[in-house]
Structures are given as C-alpha cells and as structure tokens.
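Biologist: I am new to this structure and would like a close look at one part of it. Please take the charged side chains, and then go on to whatever else helps to place them.

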Amino acid sequence: MNTAGHPPRVIAVVGPTAAGKSDLGVALARHLDGEVVNADSMQLYRGMDIGTAKLTEEERQGVPHRLLGIWDVTQTASVAEYQRLARAEMDRLLAEGRTPILVGGSGLYIRGAIDALDFPGTDPAVRARLEAELAELGPGALHARLAAADPEAGRAILPSNGRRVVRALEVIEITGRPFTANLPGHEAVYDTLQIGVDVERPELDERITVRVDRMWEAGLVDEVSRLEAAGLREGRTASRALGYQQVLAALAGECTEDEARAETVRATKRFARRQDSWFRRDPRVHWLSGAAADRRELLSNALALVERAVTA
C-alpha cells in the first residue's frame, strides 16, 4: 500500500508480552518525530501501572504516550470504542505531519486501529442469557462450546476470559457465522508498517518470570489492594487482567501470594504464546530479533525497515 518515495504513515510495534515493544516504540518515536499510541488493552486502565508494565515517565524519555490510563477500572473494555479513540489520535498526528507509533500486544486492538473492521452490534437478550450461563456454568464450559463452534476463536481467546468468550458466542449467534469469519481479510485503512519483536521461547519465558518477580517487588499487591477499593473486583475486564486476577484471588483467601505469583507466571507464558500465534497469522508483520544479544541492532534494523518502505 506504500506510495514510492513516501514513508509509512503509521508504524505498529507488535508481538508477545515482555518482548521489548515499549522500548522500541519510544526509540522509533524519538527518531521519527512521532508519538506512541497505546495498543495494550489493559494499559488503558487508570492505576493499573505495575501489573501492566507501563513505562515510567523517565522510561518514556519525553515521548508523549496517548491512550494510557484513560478508563476507570469499572469500565468494560470495547474494541469499537478503542478503534474510535486510536484513530482520532492517529489522524491528529498525521494532520500535524508526525508519525503515530502504535505499540501493544492486543492483536484485535491493533487490527481495529489500522484495518477495515466493523464490529457487529449487540443483542441485549442474547448477551443476558449468555452471561447468566457464564455465571452458572463458568467460563470453561462456554469456552468448550466456542471451541467447537469456532476452533480458531477457541485458540485465540483464553478459556478464563469469560467476557470475551461470551462476546464471541454472542456474535456467532447474531450473525450465524463463526466469530473469526466476522474479521475480514487484512485490508488496511492506514498505510502501516508492522514490526514484530521476536524473542526465542526460552529467553521470553525467562523474561516473563523476571518481570513478574519485579512486579511483586515493586508493590503489585498494594496496587491491586488500592484498585480493589476503587471497584476493580466489579470491573468485568480489568479484574481479569493477568496478575490482577491472581492477586485478587489471594486477597480473597483463595490462594497464597506465592501461589498467585506462580500462577501469574504460568498464565502470562500461555498468553504470550497466544499473542505470538495471533501476529504470526498476519503476513504483513516484519519480524525482527529482540533477543538480548541483538537489542542494540533492533532499532537500526527497524529503521532499516522504515527506509526500505520509503524506497519500495
């Protein structure tokens, strides 16, 4: 979709959690006179800082970050609403002649921002019935139903994510088609260069373990306790976030803190595999090594991709 001699209008930095997307996004924004537009669904929530690995002000190096901490933890996430907000930010930056750098691992949010996606509406009666079944049967049973109806959606959505399972089943019932069939082909509405940060599984697993340990040391339990008082437990989306869900269980006496930490590591590793699988299915993603030994080269290789797009 590139026009010869013109740089890509939008750059998206994608890949699994702990791969190094945030740092690369900052570096690209500094080199290309851009701003970072958050595409991590959980970083949209106010106060969810430690457990979502939001960059500190110092780590942002003066680069403006948009769509961070804009939703209350009681608000239910909406990809359609995110699409509206992200496109408004990108259009503003493009009108100023600057480069939007989308950064995040929420695959549907990335696609909602850059691709021609129209999201099916909702049917209150169908939604209410499915939510009642979720409360009665639990997410596992509904996920099994989803996996039978749409195996690809079953692989993409975590069995524990009851809200997303309900939404997928609702769309299937409303449209009469698999949930993933409602996602069109890779038809972009923005001229976008997607850069995937690739880290080999053993190294990524080790990074995830270290990251979770640091989150605990940085005060994740205290952060969750404060957010619980602000309604986190009632938030359908925020309460299911990795780390937050496990700490809430510990605070409720359902497990120990050590068990919550271990489960956060396990769940995050599983989630990273799903993220990687999602982005691997998109042939437009250009993968670059984010291994520790290649970190210095990551930015130069990314900038080379941008330059190659200019001259393509």
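Modeller: What follows starts with helix H12 and its charges, then turns to other salt bridges, the aromatic pairs and one proline. The model is predicted, and the values below are computed from it.

Helix H12 spans residues 257-280. On the surface, a patch of negative charge is formed by Asp-222, Glu-257, Asp-258 and Glu-259. Helix H12 supplies 3 residues of this patch, the largest share. One residue of the patch, Asp-258, is located in helix H12. Is Asp-258 buried or exposed? Its relative accessible area is 61%, and exposed means over 50%, so Asp-258 counts as exposed.

Helix H12 also holds a salt bridge. Arg-280 pairs with Asp-276, and their closest N and O atoms are 3.3 Å apart. Both residues belong to helix H12 and are separated by 4 residues, about one turn of the helix. The two partners differ in cover: Arg-280 is partly exposed at 38% relative accessible area, whereas Asp-276 is buried at 16%. The cut-off for buried is under 20%, which is why Asp-276 falls in that class.

Another salt bridge joins the side chains of Glu-263 and Arg-270, at 3.2 Å from N to O. Glu-263 is partly exposed, with a relative accessible area of 24%. Arg-270 is partly exposed as well, at 43%.

Side chains of opposite charge can pair when their charged atoms come close. Over the whole structure, the search finds 28 salt bridges. One of them lies in helix H9, residues 201-218, where Arg-207 and Glu-203 are 4 residues apart, about one turn of the helix. Their side chains meet at 2.6 Å, N to O. Arg-207 is buried, with 13% relative accessible area, while Glu-203 is partly exposed, with 25%.

Some salt bridges join up into a network. Asp-33, Glu-35, Arg-66, Glu-89, Arg-92, Glu-96 and Arg-98 are linked in this way.

Next come the aromatic rings. The structure has 2 aromatic pairs. In one pair, Tyr-45 and Trp-71 meet edge-to-face, with 5.8 Å from centre to centre and 70 degrees between the planes. Tyr-45 sits in the loop between strand S2 (34-38) and helix H2 (57-60), and Trp-71 in the loop between strand S3 (65-66) and helix H3 (79-95), so the pair ties together parts 26 residues apart in sequence. Tyr-45 is buried, at 0% relative accessible area, and Trp-71 is buried too, at 4%.

A further pair is made by Tyr-82 and Tyr-109, whose ring centres are 4.8 Å apart; their planes are at 45 degrees, so this pair is tilted. Tyr-82 is in helix H3 and Tyr-109 in helix H4 (residues 107-114), so the pair links distant parts of the chain, 27 residues apart. Both Tyr-82 and Tyr-109 are buried.

The last residue to place is Pro-64, in the loop between H2 and S3. Pro-64 is partly exposed, with 28% relative accessibility. In sequence, Pro-64 is 35 residues from Ala-29, yet their C-alpha atoms are 9.0 Å apart in space.

Terms used:
Residues are numbered from 1 along each chain as its sequence is written. This is a predicted model: local features need pLDDT of at least 70, side-chain atom pairs count only at pLDDT 80 or more; totals for chains, interfaces and linings use all residues. Side-chain values use heavy atoms; hydrogens and water are left out. Patches are made of residues with over 30% relative accessible area and no salt bridge: like charges are joined within 9 Å, nonpolar side chains (Val, Leu, Ile, Met, Phe, Trp, Tyr) within 5 Å. Accessible areas come from the Shrake-Rupley method with a 1.4 Å probe; for residues, only the protein chains shown count as cover. Lys and Arg count as positive and Asp and Glu as negative; His and the chain ends are not counted. The place of a charge is taken as NZ of Lys, CZ of Arg, CG of Asp or CD of Glu. Helices (H or I, at least four residues) and strands (E, at least two) are DSSP runs, numbered from the N terminus. Buried means under 20% relative accessible area, exposed over 50%, partly exposed in between (1.4 Å probe, protein chains only). Rings of Phe, Tyr and Trp (its six-membered ring) pair if their centres lie within 6.5 Å; planes under 30 degrees apart count as stacked, over 60 as edge-to-face and the rest as tilted.
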